Amino acid sequence: MGKKRQLTGRVTIQTGCCYNYSKDKDGNPPGIIRNAEVEPLPPMFKQMIKRLVRWHVLPATCIPDSCIVNIYDEGDCIPPHIDHHDFARPFCTISFLSECDILFGPNLKILEAGEFYGPGRIRLPTGFAFSISSLLN
């Protein structure tokens, strides 16, 4: 299922598009690689998206056609970053197996390994979806 990439502390599965996190060996810059062949969204993901639209988590006018699944080992995390402008908004994140904090704001800071500070923080409980609107564009 999808294109798998091993990154620091996580495995990434990409469906619908191939996202390049940094300049690759072929010189492609960060962003969606338009000519890459990847698996389409699996039927289970399409069913989940339909439910998110039905529950008004995502608008019916912006149905996702790609998905990146990050699988973390216990204690691993993703450092503060800005999701690339190639991804349309709204942007949706779902926490399946554990709760997580999402930090917002200018000047995000690394306090120590795996510990970060941001002026805005949202705790995302297990099983919850969070949709980020165009206000963050």
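Is Asn20 buried or exposed? In this predicted model, Asn20 has a relative accessible area of 2%, so the residue is buried, the limit for that class being under 20%. Asn20 is placed in strand β3, which covers residues 19–20. The side chain of Asn20 makes a polar contact with the side chain of Asp24, at 3.4 Å. A second approach to Asn20 involves Pro30: the two residues are 10 apart along the chain, and their C-alpha atoms are separated by 4.9 Å. Pro30 belongs to the loop between β3 and β4, the latter spanning residues 31–32. Unlike Asn20, which is buried, Pro30 is partly exposed, because its relative accessibility is 38%.

The overall architecture is considered next. The protein chain contains 1 helix and 11 strands. In sequence order, these elements follow the pattern β-β-β-β-α-β-β-β-β-β-β-β. The protein chain has 137 residues, of which 23% count as buried. Its accessible surface amounts to about 9700 Å², and carbon and sulfur atoms contribute 55% of that area. Among contacts in the protein chain with a separation of 6 or more, 55% come from residues 24 or more positions apart.

Confidence varies along the model. The mean pLDDT of the protein chain is 78, and 83% of the residues score at least 70. Helix α1, residues 43–54, has the highest confidence, at 91, whereas strand β1, residues 3–7, has the lowest, with a mean of 44. Over residues 1–7 the pLDDT stays under 50, and the model has 26 contacts beyond four places in sequence for this segment.

Charged side chains were then examined. Side chains of opposite charge can pair when their charged atoms come close. The structure holds 4 salt bridges. One of them joins Glu99 and Arg123, with an N to O distance of 2.7 Å. Glu99 is in the loop between β6 (91–94) and β7 (100–104), and Arg123 is in strand β10 (residues 120–124), so this salt bridge ties together parts that are 24 residues apart in sequence. Glu99 counts as partly exposed because its relative accessibility is 47%, and Arg123 is likewise partly exposed, with a relative accessible area of 45%.

Another salt bridge is formed by the side chains of Arg121 and Asp101, also listed at 2.7 Å from N to O. This pair links distant parts of the chain, since Arg121 lies in strand β10 and Asp101 in strand β7, 20 residues apart. For Arg121 the relative accessible area is 47%, so the residue is classed as partly exposed. Asp101 has a relative accessible area of 30% and is therefore also partly exposed. Glu99, Asp101, Arg121 and Arg123 are linked in a network of salt bridges.

A further salt bridge connects Asp26 with Lys25, the closest N and O atoms being 4.0 Å apart. Asp26 is exposed because its relative accessible area is 60%, which is over the limit of 50%. Lys25, at 79% relative accessibility, is exposed as well.

The contacts of Tyr117 were also listed. This residue is located in strand β9, residues 115–117. With neighbours within four places in sequence left aside, Tyr117 is in contact with Leu103, Asn107, Leu108, Lys109 and Leu111. For one of these residues, Asn107, the C-alpha atom is separated from that of Tyr117 by 8.6 Å, the two residues being 10 apart along the chain. Tyr117 is partly exposed because its relative accessibility is 40%.

Cysteine pairing was evaluated last. A disulfide is a covalent bond between the sulfur atoms of two cysteines. With the criterion that two cysteine sulfur atoms lie within 2.5 Å, the count comes to 0 disulfides. Cys67 has a relative accessibility of 23% and therefore counts as partly exposed. Cys100 is placed in that class too, because its relative accessibility is 28%.

Terms used. Residues numbered from 1 in each chain as written. Predicted model: local features only at pLDDT ≥ 70, side-chain atom pairs only at ≥ 80, totals over all residues. Heavy atoms only, no water. Buried < 20%, exposed > 50% of the residue type's maximum accessible area, 1.4 Å probe, protein only. Helix = DSSP H or I, 4+ residues; strand = E, 2+ residues; numbered from the N terminus. Polar contact = N/O pair within 3.5 Å; in protein donor to acceptor, adjacent residues only side chain to side chain. Contact = heavy atoms within 4.5 Å. Areas by Shrake-Rupley, 256 points an atom, 1.4 Å probe, with all protein chains shown as cover. pLDDT = per-residue confidence, 0-100.
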